[in-house]
Amino acid sequence: MSQASDLAELEEQARAAIAGVVDVQGLQETRARFLGRSGSIKVVLRLLAELPEEQRRELGQAANATKERIEECVRARRAELESARIENALSDHRLDVTLPGWIAPRGHLHPISRVFRDMTSFFAGLGFSIEDGPQIETDWNNFGALNFPEDHPSRDTQDTFFVEGGHVLRTHTSPVQIRAMTGRTPPFRFIAPGRVYRRDSDPTHSPAFHQIEGFMVDERVTFGDLKGVLYAFARHLMGPEVRLRFRAHFFPFTEPSAEMDFSWGDGWLEWGGCGMIHPNVLRNCGIDPDRYQGFAFGMGVDRTAMLRFGIPNLQLLFEGDVRPLEQL
Ligand code: DAH
């Protein structure tokens, strides 16, 4: 009976084709080709009508069994393809959770910023507020109003950077005194941290460096108040054992004036200058010196930062190389 061997051959072909498909779409097409409405098995079944009763039943059963086996084969292949697809998806997007982590570099404040923040928060606790001024200053604010005579040596180009138009890079934070006091009425307590410039450059001097200025004006402010504030400040920075030394000095903008040193190990380190604000400075700001007095002080900040963080060379603070700064 040729139809029976046809069925066997058909099944053989179908199995081979199903085994060869690589995706679900190909499987559907293959299934349609063999089992679909105009598929091969239908062609066989259509022939049945012409067969005698006996053969028709026999062949019909054989054809249905073949069809069922091919269906089973399709189902099995479909399951295989499905799980292969999932396997692939998993291995393509594999994430190795045992790999060492990637640590994002963390930024931090520059040591000078940290020292400034510490200093300003200390003075905020004493009721001082923060004043700011520009780094390019007028000659009047940097020198004239601070009672510098026209021929004062620090106005020399040896010390001062001059900017076009008669301005200067401020050589100290003292001009903030002028800005803060002009047009205002005491009492006031101000602190002015900032960057200043001088023509100076070696391992302990940088042409740009940092100072903090403080001043207080009221009707009864004394040199004793100045010393009290400076002692409290020094203890805050350097510990309860620190001692201060005041040496008589001259500044155009204070009278009397002193330079102060703080104790460090067996010796002394220079800290800054201070004094009672000169009557001419108050007058230049429109304040009556017969009614008000005040003290002022100003000191370098970079030395404090170097001592606190153990920085051997001032340049390290300004070179912009983050490697040494990251170690602090
Ligand atoms: N401006 C001075 C300087 O840069 C420091 C200074 C001295 C500031 C005495 C003051 C002061 O306020 O009273 O050398």
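In the predicted model, a nitrogen atom of the ligand lies 3.0 Å from an N or O atom in the side chain of Ser174. A second side-chain contact involves Arg198, where an N or O atom is 2.8 Å from an oxygen atom of the ligand. The backbone also takes part: a polar backbone atom of Ala296 is 3.1 Å from an oxygen atom of the ligand. On its own the ligand has 350 Å² of accessible area, and the protein covers 90% of this.

The ligand sits in the largest pocket. Strand S6 (208-218), strand S9 (267-277) and strand S10 (293-300) are the elements that give two or more residues to the shell around the ligand. In total, 15 residues surround the ligand, and the closest are His172, Ser174, Arg198, Gln211 and Glu213. Of these closest residues, Ser174 and Arg198 were described above for their side-chain contacts, at 3.0 Å and 2.8 Å respectively. Sorted by class, the shell comprises eight polar, five nonpolar and two charged residues.

Elsewhere in the model, three strands form an open sheet with antiparallel pairing, in the order S2-S4-S3. Strand S2 (136-137) and strand S3 (162-163) stand at the edges and have a single partner strand each, so one side of each is left without a neighbour in the sheet. The pairing of S3 with strand S4 (residues 167-169) is antiparallel and runs over two bridges. Within this part of the sheet, His167 in S4 stands opposite Val163.

Another antiparallel pair is made by strand S7 (residues 244-251) and strand S8 (residues 254-264), with seven bridges between them. The connection from S7 to S8 is a hairpin of two residues. Ala248 has Ala258 in S8 as its bridge partner. Strand S8 also contains Pro256, and the peptide bond from Glu255 to Pro256 is cis, with omega near -5°.

A further cis peptide bond leads from Pro186 to Pro187, with omega near 10°. Pro187 is placed in the loop between helix H7 (175-181) and strand S5 (188-197). Backbone geometry is also of note at Asn147, which is not a glycine but has a positive phi of about 75°. Asn147 belongs to the loop between helix H6 (139-142) and S3, and S3 is one of the edge strands of the open sheet.

Technical notes:
Residues numbered from 1 in each chain as written. Predicted model: local features only at pLDDT ≥ 70, side-chain atom pairs only at ≥ 80, totals over all residues. Heavy atoms only, no water. Near = heavy atom within 4 Å. Polar contact = N/O pair within 3.5 Å; in protein donor to acceptor, adjacent residues only side chain to side chain. Areas by Shrake-Rupley, 256 points an atom, 1.4 Å probe, with all protein chains shown as cover. 1 Å grid on protein atoms, 1.4 Å probe; cavity = no way out; pocket = protein on both sides within 12 Å on 5 of 7 lines; lining within 4 Å. Sits in = over half its atoms within 2 Å of the grid points. Helix = DSSP H or I, 4+ residues; strand = E, 2+ residues; numbered from the N terminus. Nonpolar A, V, L, I, M, F, W, Y, C, P; charged D, E, K, R; others polar. Pairing = 2+ DSSP bridges.
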